[in-house]
Amino acid sequence: MSTAAPELPSIIHPAHIAAHGYPHEHWRELRANDPVHRFEDGPVPFWAVTKHADIMEVGKNPDIFLSSPRLVITPTDRSDFRPPPTIIEMDPPKHRAYRRIISSRFTPRALKKIHADIDRIAKQIVDDMLEQGGRSVDFVEQVSAPLPIAVIAWLLGVPESDWKLLFDWTNRTIGADDPEYAVDGVAGPEAAQKAIFETFQYFAALVEERKKKPKDDLISLFAHAEIDGEKLAPIDVLAYCQIIVVAGNETTRNATTGGMLAFIENQDELQRVQRNPQLLGSAIEEVLRWTSPIIHFARTASRDTVLRGRKIREGDHLALFYPSANRDEEVFDRPYAFDVGRDPNRHLAFGIGEHFCAGAHLARLELEFAFKYLLPRIDEIELTGPVERLRSNLVGGIKHLPVRYSLKPAR
Ligand code: HEM
């Protein structure tokens, strides 16, 4: 008699997350009773790391807790599907050499150059909203999605006519487990593989152009980058372009959408920022803590070790649940309250340590500009239908957020 294949536990099951949102109640129980818990069943046995302090420890010891070969605990063991590793899956010392290539481009100082462009794009998006006032619209389509894709495409040097292509590829890569992004009925690993392949093909042509005629964009940077006097392998150049698109798009989009949902559900906090615009900075940090768009990344132990008294064996996988760390009662007062004035706010939405998000400044900037224009102008805003969530255990995505609003005219 055949038995059904074991399923991933609900705390990390894409369908469960799509149906119920983040499993905060389960994470709370794990933090209280067994913060480093072993899940044996399922296609990929793993340790669930749920406390803030433990995720810090893992993140700061990249020689023991490796990002290769498995960055995500997947619903099926995708051992047959291995896209080329990107910076996020590399370990020291290789990781540091690759990270150095982009670090100077994403500092607050370097990003000053694009303030005016982000400002212009964000302002335009909010102005466009005015025309839709009074009707039910999808906030994701209208506000959260356009800004990050425009900024990332602009930084990479992708022509505006192709931004929509990038948008579809990232949806299909991150949303591979979601039937909405299936192509010709194909979802799952094959769908992701196809999307990655198409992205690579697209970037290959642009890389060739920039090799001959460099510009001041990231594609040119990667095409000409050297490590120890050697140019990057062609596949690594493409992988670099692809990780920037994927990492920079869905995450920021979902922080914006989840942030708006938090303001709709906590209208007193919305009014608090409207009355006190100086709270915008702490409100953005609270949006990041509250939404924690990355659900988990995985690590693999390079040797036997101990974490919070649990014996981790060489080769064991660990899932770092950032949203759980961001509700940790030992670190945050009233962790389940959305508080735009929260201070201190040592959230781990961007991870910690070796792989701390390379785009953190950029993400903060995008959120700041989006909310700076939007929040003061909201007169009324309400949900007009169900929140539709992405079937993914990597990005806590909201696919559609139907809202109706009225905006005050711009001053
Ligand atoms: C709200 C938005 C964002 C969130 C929540 C977020 C979250 C994260 C997290 C949790 C990591 C750590 C990965 C790990 O521990 O293995 C990470 C890494 C990374 N992020 Fe972000 N991210 C955001 C926006 C961006 C943007 C806009 C970019 C654009 C360039 C970006 C690029 C990257 C890259 C390249 C890495 C890999 C860094 C490395 O491995 O050294 N992210 N991000």
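In the predicted model, strand β7 is joined to strand β10 (residues 317–321) by 5 bridges, and the two strands run antiparallel. Within this pairing, His296 stands opposite Phe321 of β10. Strand β7 also pairs with strand β3 (residues 65–66), again in the antiparallel sense, here over 2 bridges. Leu66 has Thr300 of β7 as its bridge partner. Strand β7 spans residues 296–301, and 5 of these 6 residues are buried, so the strand is largely enclosed by the rest of the structure. In general, strands of a sheet pair through backbone hydrogen bonds, in either a parallel or an antiparallel arrangement.

A further open sheet consists of 3 strands in the order β4-β14-β11, with antiparallel pairing. Strands β4 (136–138) and β11 (378–383) occupy the edges; each has a single partner strand, so one side of each is left without a neighbour in the sheet. Direction ignored, neighbouring strands of this sheet are turned against each other by 40 degrees on average. The antiparallel pairing of β4 with strand β14 (residues 402–407) comprises 3 bridges, and Asp138 has Pro402 in β14 as its bridge partner.

The shell around the ligand contains 24 residues, of which Gly248, Thr251, Gly351, Cys357 and Gly359 come nearest. Two or more residues of the shell are contributed by each of the elements α12 (234–265) and α16 (360–374). Helix α12 gives the most, with 7 residues. By class, the shell is made up of 16 nonpolar, 7 polar and 1 charged residues.

In helix α3 (residues 52–59), the buried residues are His52, Asp54, Ile55, Val58 and Gly59. Viewed down the axis of α3, these buried residues fall within an arc of 165 degrees, so they line one face of the helix.

Several backbone features depart from the common pattern, in which most residues other than glycine have a negative phi and most peptide bonds are trans. The peptide bond joining Ser68 and Pro69 is cis, with omega about 0 degrees. Pro69 lies in the loop between β3 and α4 (94–103). A cis peptide bond is also present from Pro92 to Pro93, where omega is near 0 degrees. Pro93 is likewise placed in the loop between β3 and α4.

Positive phi values occur at two non-glycine residues described here, Asp228 and Arg334. For Asp228, phi is about 50 degrees. Asp228 is located in the loop between β5 (226–227) and β6 (230–231). With 5 other C-beta atoms within 10 Å, Asp228 is exposed, because a residue with 12 or fewer such neighbours counts as exposed. For Arg334, phi is about 40 degrees. Arg334 belongs to the loop between α15 (322–325) and α16, the latter being one of the elements that give two or more residues to the ligand shell. Arg334 is also exposed, with 9 other C-beta atoms within 10 Å.

Definitions and conventions. Residues numbered from 1 in each chain as written. Predicted model: local features only at pLDDT ≥ 70, side-chain atom pairs only at ≥ 80, totals over all residues. Near = placed C-beta within 6 Å. Helix = DSSP H or I, 4+ residues; strand = E, 2+ residues; numbered from the N terminus. Nonpolar A, V, L, I, M, F, W, Y, C, P; charged D, E, K, R; others polar. Buried ≥ 20, exposed ≤ 12 C-beta atoms within 10 Å, placed from the backbone. Pairing = 2+ DSSP bridges. Axes fitted to C-alpha atoms, helices over the stretch in contact; angles between N-to-C directions. Arc of directions from axis to C-beta.
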